[in-house]
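Work through the exercises below with the sequence and the model side by side, and try each task before reading its solution.

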Amino acid sequence: MPLTEKKKTYIRQLSNESGIISALAIDQRGALKKMIGKFQNQSATDEQIINFKKIISSGLTPYASAILLDPEYGLPAAEVRDKNAGLLLAYEKTGYDASTPGRLPDILSIWSVKRLKEQGADACKFLLYYDVDESDDINDQKKAFMERIGSECVAEDLPFFLELVSYDANDPDTSSKEYALKKPHKVNEMMKEFSKPRYGVDVLKVEVPVNMNYVDGYTKNEVAYTKEEAAAYFKEQSETTNLPFIFLSAGVTAELFQETLKFAKEAGSTFNGVLCGRATWANGVEPFVTKGEYAAKEWMQTQGRKNIEELNNVLKETATAIKL
């Protein structure tokens, strides 16, 4: 579906002056609790999660085009972001019910797209775990769910950013060579599915189609793909969709993520930016927990800023402007 003028205005707010999305993701909830808890003898408190998000938002949004937050813990962080940074708000519950097959999605029950918009969101983001090879009984539920959210976003004239995360229903280990060989098919086919107009998606947030830790020349371990094969998968990914798409960092190091973007560009990928989370700020968790808020702020102004500015420089050379 063609973008409305209102949606175009929102997407411009989320992009930089070059029409590229250089956004910071800190909508983690369960994962962030675990990261904080690793450095102390007790579970992370709500106050810690809220304060850490505020430190990231105030410290790093001057160098980002937008920030992705959750309405459960992130609204105070939205208030302290740089005035020029756009705001995406997450609509999904964190994680999934592991006792039920299919990693079925669920929304935050006291939120709606209307309410996210009322909080100043420039877009609604939803994360969907999807295995293209899972049963129709499971995947049809997910397709219907995305149709509902797409319809909500159409009704509110708010952009719908769909984050797609692949997996194998028969093997939970997505870090293995076996999964690396399946990943291009799973990533590219789900992109093709959710690019269909019926879902009302405006921007896709996706994984790169290969595991770079198994690409020849990027690994000291086993090789799953030659550079030529990996490049072909990146090119194929771009050709599966007519929607703008941005890459997620998936928890890899800042250095590997930057190298991945360069590889994608050389392969002919036409990605439109990034929504980068842990690759930018993850190493700031330890000083926050062990040394306090001042140390965390100092880390953001030094290493965190360095990470995001280096990423921005890579994006200038690699990303494609969104056509509005």
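The exercises that follow concern a predicted model, and each task is followed by a solution in steps.

**Exercise 1. A helix and its buried side**

Task: Find which residues of helix H1 (residues 5–14) are buried, and explain how they are placed around the axis.

Solution: Begin with the burial of each residue, where Lys 7, Lys 8, Tyr 10, Ile 11 and Leu 14 come out as buried in H1. Then look at their directions around the axis: they cover an arc of only 160 degrees, and therefore they lie on the same side of H1.

**Exercise 2. The surroundings of Gln 48**

Task: Decide whether Gln 48 is buried or exposed, and list what Gln 48 touches beyond its sequence neighbours.

Solution: First place the residue, which belongs to helix H3 (residues 46–60). Next take its relative accessible area of 17%, and compare that value with the cut-off of under 20% for a buried residue, so that Gln 48 counts as buried. Finally, setting aside residues up to four places away in sequence, the contacts of Gln 48 are Ile 36, Gln 40, Ser 43 and Phe 288.

**Exercise 3. A strand residue with distant partners**

Task: Locate Leu 275, and work out which residues are in contact with Leu 275 when neighbours within four places in sequence are left aside.

Solution: Leu 275 is part of strand E8 (residues 273–276), and with 1% relative accessibility it is counted as buried. Now follow the chain back to Ala 25: the two residues are 250 residues apart along the chain, yet their C-alpha atoms are separated by 5.7 Å. Ala 25 is also one of the contacts of Leu 275, which further include Ala 23, Leu 24, Leu 68, Leu 88, Lys 205, Ile 246, Phe 247, Leu 248 and Ser 249.

**Exercise 4. The two largest pockets**

Task: Describe the largest pocket by its volume, its lining and the classes of its residues, and then do likewise for the second largest pocket.

Solution: The volume of the largest pocket is about 1,200 Å³. Its lining is made of 42 residues, of which Tyr 129, Val 165, Leu 248, Ala 250 and Arg 278 are the closest to the centre. Two or more lining residues come from each of helix H2 (30–37), strand E4 (123–130), strand E5 (160–166), helix H7 (177–194) and helix H9 (254–267). Sorted by class, the lining of the largest pocket has 18 nonpolar, 13 polar and 11 charged residues.

Turning to the second largest pocket, its space amounts to about 440 Å³. Here 22 residues form the lining, and the closest to the centre are Asp 202, Asn 242, Leu 243, Pro 244 and Lys 323. This lining is divided into 11 nonpolar, 8 polar and 3 charged residues.

**Exercise 5. Enclosed spaces**

Task: Count the cavities of 30 Å³ or more, and state what lines the second largest cavity.

Solution: There are 3 cavities of 30 Å³ or more, and the largest cavity has a volume of about 70 Å³. Among the residues that line the largest cavity are Glu 92, Arg 103, Phe 126 and Tyr 129, and by class its lining holds 7 nonpolar, 1 polar and 4 charged residues.

The second largest cavity holds about 40 Å³ of space, and its lining consists of Ala 254, Phe 257, Gln 258, Cys 276, Ala 279, Thr 280, Asn 307 and Leu 311. H9 gives the largest share of this lining, 3 residues, while 5 nonpolar, 3 polar and no charged residues make up the whole. Cys 276, one of these lining residues, is buried at a relative accessible area of 2%.

**Exercise 6. Cysteines and backbone angles**

Task: Explain why Cys 124 forms no bond with Cys 153, and say where Arg 103 and Asp 157 are found.

Solution: The sulfur of Cys 124 has its closest cysteine sulfur in Cys 153, at 4.2 Å, and because a disulfide needs the two sulfur atoms within 2.5 Å, this is too far for a bond. Cys 124 is itself buried, with a relative accessible area of 0%, and the structure holds 0 disulfides.

For the backbone, Arg 103 has a positive phi of about 45 degrees although it is not a glycine; Arg 103 sits in the loop between strand E3 (86–90) and helix H5 (113–118), and is buried at 16% relative accessibility. Asp 157, likewise not a glycine, has a positive phi near 55 degrees; Asp 157 belongs to the loop between helix H6 (136–156) and E5, and is partly exposed, with a relative accessible area of 22%.

Terms used
Residues are numbered from 1 along each chain as its sequence is written. This is a predicted model: local features need pLDDT of at least 70, side-chain atom pairs count only at pLDDT 80 or more; totals for chains, interfaces and linings use all residues. Side-chain values use heavy atoms; hydrogens and water are left out. Buried means under 20% relative accessible area, exposed over 50%, partly exposed in between (1.4 Å probe, protein chains only). Helices (H or I, at least four residues) and strands (E, at least two) are DSSP runs, numbered from the N terminus. The arc is that of the directions from the helix axis to the C-beta atoms. Contact means heavy atoms within 4.5 Å. On a 1 Å grid over the protein atoms alone, a cavity is a set of points where a 1.4 Å probe fits but cannot get out, and a pocket is an open set with protein on both sides within 12 Å along at least five of seven lines; lining residues have an atom within 4 Å of a point. Grid points are joined across faces, edges and corners, and a volume is the space filled by probe spheres set on the points. Ala, Val, Leu, Ile, Met, Phe, Trp, Tyr, Cys and Pro count as nonpolar, Asp, Glu, Lys and Arg as charged, and the others, Gly among them, as polar.
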